Structure formats: structure tokens, C-alpha cells
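User: Hi! I would like to go through the model below and learn why its parts are described the way they are.

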Amino acid sequence: KLIIFQEDKVSKAMVSRAVLFDATGEQNVAISSNVLSSSMPYVGNFGICKNPESFANFGFRSYFVDARRRVVLLLYLNIR
């Protein structure tokens, strides 16, 4: 997974995989070495500020600061 931090949102994308939909709307995953899937935003309108010290990572937990909204956030990454 690739986690994408922007100022107003945080998203995730799959690396080397693309999500394909069939005619019934079911998801299938295709594997390729040169693909990033479409980004899927996490719930909420939070993002990260531009200061590099506003991000910290410990194990599967990522902490980041949204200075505009004055909050510290935790993103727990469940890697599968």
C-alpha cells in the first residue's frame, strides 16, 4: 500500500495492483509491475501540514499533525 498525505486529505493506493470492476460491479485485482491503483481517500477532511516534523512513524502507527484544524491524528496501518 502507498499512503498519500495531502493538506486536506489522506488516501491510500495499491502498488503493483489495479482494481478492476466487472459488469456486475464486483472487484477483481490485477497484478502488474508498473501500476498504481486509483487512490481511495480515508474518511474525514484531515491532512498533514507542510512541516516535515509533523509526521512520526512507530511500527504500524503513523502520527501526523493537521495544523490548520489543530489536531494530532493517528493512522493505524493494518498491513495484509
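Analyst: Happy to help. This is a predicted model, and a good place to begin is an open sheet of three antiparallel strands in the order 6-7-8. Its edge strands are strand 6 (55-58) and strand 8 (71-76), each pairing on one side only. On average, neighbouring strands here are turned by 20° against each other, direction ignored.

User: How do you know that strand 7 and strand 8 pair?

Analyst: Two strands count as paired if DSSP finds at least two bridges between them. Strand 7 (residues 61-66) and strand 8 are joined in the antiparallel sense by six bridges, so the requirement of at least two is met. Within this pairing, Val-65 stands opposite Val-72 in strand 8.

User: What makes strand 2 and strand 5 a pair?

Analyst: The cut-off is at least two bridges, and two bridges join strand 2 (residues 10-13) to strand 5, so they qualify as an antiparallel pair. Ser-11 has Pro-41 of strand 5 as its bridge partner. These strands belong to an open antiparallel sheet in the order 1-2-5, with strand 1 (2-5) and strand 5 (40-41) at the edges.

User: Why is Asp-66 called buried?

Analyst: Buried means under 20% relative accessible area. Asp-66 has 2%, so the label buried applies. This residue lies in strand 7.

User: Which residues are in contact with Asp-66, leaving aside its neighbours within four places in sequence?

Analyst: With those neighbours left aside, Asp-66 touches Glu-7, Asn-45, Phe-46, Gly-47, Val-71 and Leu-73.

User: What makes the approach of Gly-47 to the side chain of Asp-66 fit the distance limit for a polar contact?

Analyst: The limit is 3.5 Å between N or O atoms. The backbone nitrogen of Gly-47 lies 2.9 Å from a polar atom of the Asp-66 side chain, so the distance is within that limit.

User: Which residues form the largest nonpolar core?

Analyst: There are six: Val-10, Ile-48, Phe-64, Leu-73, Leu-75 and Leu-77. Membership requires being buried and joined through side-chain atoms within 4.5 Å. In soluble globular proteins, nonpolar side chains tend to be buried together. Leu-77 also has contacts with Ile-3, Tyr-42, Phe-60 and Ser-62, leaving aside its neighbours within four places in sequence.

User: How many helices and strands does the chain have?

Analyst: Zero helices and eight strands. Buried residues make up 19% of the chain's 80 residues. The chain exposes about 6,200 Å², with carbon and sulfur atoms supplying 55% of it.

Technical notes: Residues are numbered from 1 along each chain as its sequence is written. This is a predicted model: local features need pLDDT of at least 70, side-chain atom pairs count only at pLDDT 80 or more; totals for chains, interfaces and linings use all residues. Side-chain values use heavy atoms; hydrogens and water are left out. Helices (H or I, at least four residues) and strands (E, at least two) are DSSP runs, numbered from the N terminus. Axes are lines fitted to C-alpha atoms, for helices over the stretch in contact, and angles run from 0 to 180 degrees between N-to-C directions. Buried means under 20% relative accessible area, exposed over 50%, partly exposed in between (1.4 Å probe, protein chains only). Contact means heavy atoms within 4.5 Å. A polar contact is a pair of N or O atoms within 3.5 Å; within protein, one must be able to donate a hydrogen and the other to accept it, and residues adjacent in sequence count only if both atoms are side-chain atoms. Accessible areas come from the Shrake-Rupley method with a 1.4 Å probe; for residues, only the protein chains shown count as cover.
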